[in-house]
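Reader: Please show me how to read side-chain contacts in a model. Take charges before rings.

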Amino acid sequence: MEILKQLINSVDQHPDSILVVRQQTEQRLPSHQHDKAQLLLVFGGIAYLQTDEKDLYIPSNHYIWIPKNYPHNLMFNTQDLHIINIYFPGEISGDFYNELGIYPVSKLLAEMLSFSEKWHSDYFKGSWEFEFLTTLGKVLSKENLKKFSIQLPTTDDQRLQAIAGQLKNQLNENLTLEQTASEWGISVRSLTRLFQTKLHITFIQYVKMLRIIRAMELIKDTDLNMTEIAYEVGYSNISAFSNNFHQLTNMRPTEFKAMSS
């Protein structure tokens with residue numbers, strides 16, 4: 001694919017530069033990787049990053065750190081999404097930089113991004129912009145922020161893919177392991193084993209993640225109030241909905257709404 005080749009060439013054309021890209025160039029491309037590490041910042045919506053093992057959901061005012069040569073592809077469905085990509089060269093020492101991770105944009109990082117808001121180019125050693133961006137990269141590991149934890153595992157098992165697809169369309173119903181196993185003509189033990197061996201997660205955990213992901217989309221894209229959203233994703237208790245939302249996102253639903261507006 002020519003556009004994919006152009007993207008990779010533009011990112012890796014100057015191996016020693018820090019590249020800042022402010023328009024979205026990676027959306028809906030096939031899985032690809034760069035020789036540079038990537039800081040991808042999301043504002044105004046939810047982005048979806050797919051890897052070989054899982055789908056990651058990056059809400060507004062969060063960023064994802066993608067280590068160098070890590071296969072991925074990006075997707076999003078909203079027009080008001082704003083994304084900033086910063087590509088860093090060379091080896092950056094520390095465990096933080098060797099792992100894929102999603103984190104909130106701190107006040108310090110937001111200020112640094114605001115200061116550099118008109119930058120859009122390759123920046124080279126010897127320039128003060130390069131030194132500033134290098135410092136920005138080093139700040140990330142020093143903040144010790146808690147990871148955003150919604151990482152939905154994927155599988156190539158066709159039967160499990162079909163089950164997961166059905167679950168996504170029934171989130172406002174009372175979903176149970178027993179009922180799902182019965183509908184698909186398999187035993188509870190077999191379905192339990194299928195989730196654990198193929199997705200490395202329990203049925204209940206998987207459904208909980210599906211519900212919170214859907215709630216995030218409804219908060220961002222509709223005018224429903226929190227009680228209505230809780231009901232739409234299968235919660236009859238607003239407190240349980242809020243607690244589960246916080247458990248997975250480190251935010252209350254109302255905080256997420258404020259952050260996404």
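Author: Start with exposure, at glutamate 99. Its relative accessibility is 43%, so glutamate 99 counts as partly exposed (buried is under 20% relative accessible area, exposed over 50%, partly exposed in between; 1.4 Å probe, protein chains only). This is a predicted model: local features need pLDDT of at least 70, side-chain atom pairs need pLDDT 80 or more, and totals for chains, interfaces and linings use all residues. Residues are numbered from 1 along each chain as its sequence is written, and side-chain values use heavy atoms, without hydrogens and water.

Reader: Which side chain meets glutamate 99 in a salt bridge?

Author: Side chains of opposite charge can pair when their charged atoms come close. The rule asks for a side-chain nitrogen of Lys or Arg within 4 Å of a carboxyl oxygen of Asp or Glu. Here lysine 147 meets glutamate 99 at 3.5 Å, N to O. The two sit in loops 48 residues apart, so the pair links distant parts of the chain; lysine 147 is partly exposed at 29%.

Reader: How many salt bridges does the rule count?

Author: Two. The other case is glutamate 217 with arginine 214, closest N and O atoms 3.2 Å apart. Both lie in helix H7, three residues apart, about one turn of the helix (helices are DSSP runs of H or I, at least four residues, and strands runs of E, at least two, numbered from the N terminus).

Reader: And rings: how many aromatic pairs are there?

Author: The count is 18. Rings of Phe, Tyr and Trp (its six-membered ring) pair with centres within 6.5 Å; planes under 30 degrees apart are stacked, over 60 edge-to-face, the rest tilted. Tryptophan 65 and phenylalanine 88 are tilted, at 5.7 Å and 40°. Both are buried.
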